[in-house]
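Visitor: I am a first-year student, and I would like a close look at a single part of this structure. Please start with the whole chain, so that I can place the part in it.

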Amino acid sequence: MVRAKIIYAAVLIGLACFYILYIDSLPLMLLVCALLVPVFLKAGLVWLHFASDAAIRTQAQTCTTSDNVSVTVTVGNRSPLFFPRGEALVQIRHGFGQKTEKLRLKFPVQDRNRMKLTFYIKPARCGVVTITLQRVRIYDVLRLFHTSVPNARQDVTLLVLPKPVLVPLDASAPPVSDPESSRFADKPGDDPSELFGIREYHTGDPVSRIHWKLSSHSDKLFLKEFGSPVEKHALLLFEYQPQRENDLKQLEALLTMLYSLAYQLIAQEHPCTIAWASGETGSVCVQSPENTAELGDAFRLLYASLYSLSSDDQLLHRELGNVLYSSATVFTNLPDTGMLGTLENSISANQRNLVIVSDHESALQSDYTAIQTIHPDQLTLAHLIV
């Protein structure tokens, strides 16, 4: 714009000199026209200002690392005027400390049309990516003036989940014998305390399950179907403390292992609960996802709590100690974590696992807990009992 204004000023000075030298109607007419041009250009931009709009959206709200996700900026022009130059400024900010990126999109503004500008982002790390449409400017033909599209500043967020790795699972953990908070599967079983449904009696069905009261009002026999208790219930407990070196790599590896195990358990219809203690709220956040969408929602909450996590033994015991789990697995980045004592003294579980994701070997040993230490660059576990 500065260059265009300098050129325009030079033209005005030249026309003014031309008029002074010749003092004729033609030089005067040229000078007046040159002086009126900015007025018409500015008037067109004012019209456009009230006849334009902008929006930003993403192809998906959730993705995994290294996925290509398209982002579309839409600019609308309801006026009959054409402008050869528009510019949209987009900022991309990662929630886990990566550098903020800025992207400039240049485009022509067609009359009575909506322009769609699409670009792709490829998140390298998991977390929440915030994509901000900071402004949209449109310039006149000579680029002397510009106007900003009103209400153009908008944010969209992209939840980036870890790309799951294979965790070798061993389902030999003893089942829960009689938990007070039993969960029931969506299929019939043998627990008379939970009525699953009623159906017609078929030859060979146990007579003891006939619903005599309902059958007395019909000429058919009806059978009670009882619920099936869920005997497997895995607890996944998360602990994280920021480290000075290699922090983001440790964090991503830790989240990848947690997500991978939860993802596989859900795929195998193995009930699981993800929990972490928040020092900011003084409570334990407990999530029991039953599908991948709910797992994504759980990780969105976890991302928001990462830098305020606590390892309060009494808090964890109060919130989690009243349920018996078939297995309890702690994921931590601390080689000398005190979570081992919490796992053995405050959590009731038939099988206990401690997974340490760290650059340093752990000296922890236990006769009651299976301890595995893995390097952030080599996410390979031995079999994990759940």
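Visitor: What percentage of the 386 residues in the protein chain do buried residues make up? After that, please take me through strand β7, residues 127-139.

Guide: Buried residues account for 46% of the 386 residues in the protein chain. Keep in mind throughout that this is a predicted model. The average pLDDT of the protein chain is 86, and 90% of the residues score at least 70. There are weaker stretches. Residues 178-187 have a pLDDT below 50, although the model gives this stretch 23 contacts beyond near neighbours in sequence. Residues 189-196 also stay under 50, and there the model has 28 contacts beyond four places in sequence.

Next, the overall form. The protein chain contains 7 helices and 23 strands. Its radius of gyration is 33 Å, well over the 21 Å that the globule rule gives for 386 residues, so the chain is more spread out than a compact globule. Along the principal axes, the C-alpha atoms fill a box of roughly 115 × 70 × 35 Å. The protein chain exposes about 20,300 Å², and carbon and sulfur atoms supply 53% of that area. Take the contacts between residues at least 6 apart in sequence: 70% of them join residues at least 24 apart.

Now to strand β7. Of its 13 residues, 10 are buried, so β7 is largely enclosed by the rest of the structure. What does β7 pair with? One partner is strand β4 (residues 83-94), which runs antiparallel to β7 and is joined to it over 10 bridges. To find this pairing in the view, look for Ile-92, whose bridge partner in β7 is Ile-131.

Strand β9 (residues 154-161) is also a partner of β7, again in the antiparallel sense, with 7 bridges. Here you can start from Val-128 and look across to Leu-159, its bridge partner in β9. Strand β8 (residues 146-148) pairs with β7 as well, antiparallel and over 3 bridges. In that pairing, Tyr-139 has His-146 of β8 as its bridge partner.

Strands β7 and β8 together form a hairpin, with 6 residues between them. Within this loop sits Arg-143. The relative accessible area of Arg-143 is 28%, so this residue is partly exposed. Its phi is near 60°, which is a positive value in a residue other than glycine. Most residues other than glycine have a negative phi, and that is why a positive value is worth a second look.

Positive phi values turn up elsewhere in the chain too. Ile-23 has one near 40°, and its place is the loop between α1 and α2. Ile-23 has a relative accessible area of 61%, so it counts as exposed. Glu-269, just after helix α4, has a positive phi of about 55°.

Helix α4 (residues 247-267) can be set beside the strand. From the first C-alpha of α4 to the last, its 21 residues reach 30 Å, close to the 30 Å expected at 1.5 Å a residue. In α4, 17 of the 21 residues are buried, so this helix, too, is largely enclosed by the rest of the structure.

Return to the loop after β7 for one more link. The C-alpha atom of Leu-144 is 9.9 Å from that of Ile-7, although these residues are 137 apart along the chain. Ile-7 belongs to helix α1 (residues 2-22). With 47% relative accessibility, Ile-7 is classed as partly exposed.

Finally, a buried residue from another strand. Ser-70 lies in strand β3 (residues 69-77). Its relative accessibility is 11%, and the cut-off for buried is under 20%, so Ser-70 counts as buried. Leaving out residues up to four places away in sequence, Ser-70 touches Arg-57, Thr-58, Gln-59, Thr-118, Phe-119 and Tyr-120.

To recap the part you asked about: β7 is largely enclosed, pairs with β4 over 10 bridges, with β9 over 7 and with β8 over 3, and forms a hairpin with β8.

Notes
Residues numbered from 1 in each chain as written. Predicted model: local features only at pLDDT ≥ 70, side-chain atom pairs only at ≥ 80, totals over all residues. Heavy atoms only, no water. Buried < 20%, exposed > 50% of the residue type's maximum accessible area, 1.4 Å probe, protein only. Helix = DSSP H or I, 4+ residues; strand = E, 2+ residues; numbered from the N terminus. Pairing = 2+ DSSP bridges. Expected span 1.5 Å × (residues − 1). pLDDT = per-residue confidence, 0-100. Contact = heavy atoms within 4.5 Å. Rg over C-alpha atoms; globule rule 2.2 N^0.38 Å. Areas by Shrake-Rupley, 256 points an atom, 1.4 Å probe, with all protein chains shown as cover.
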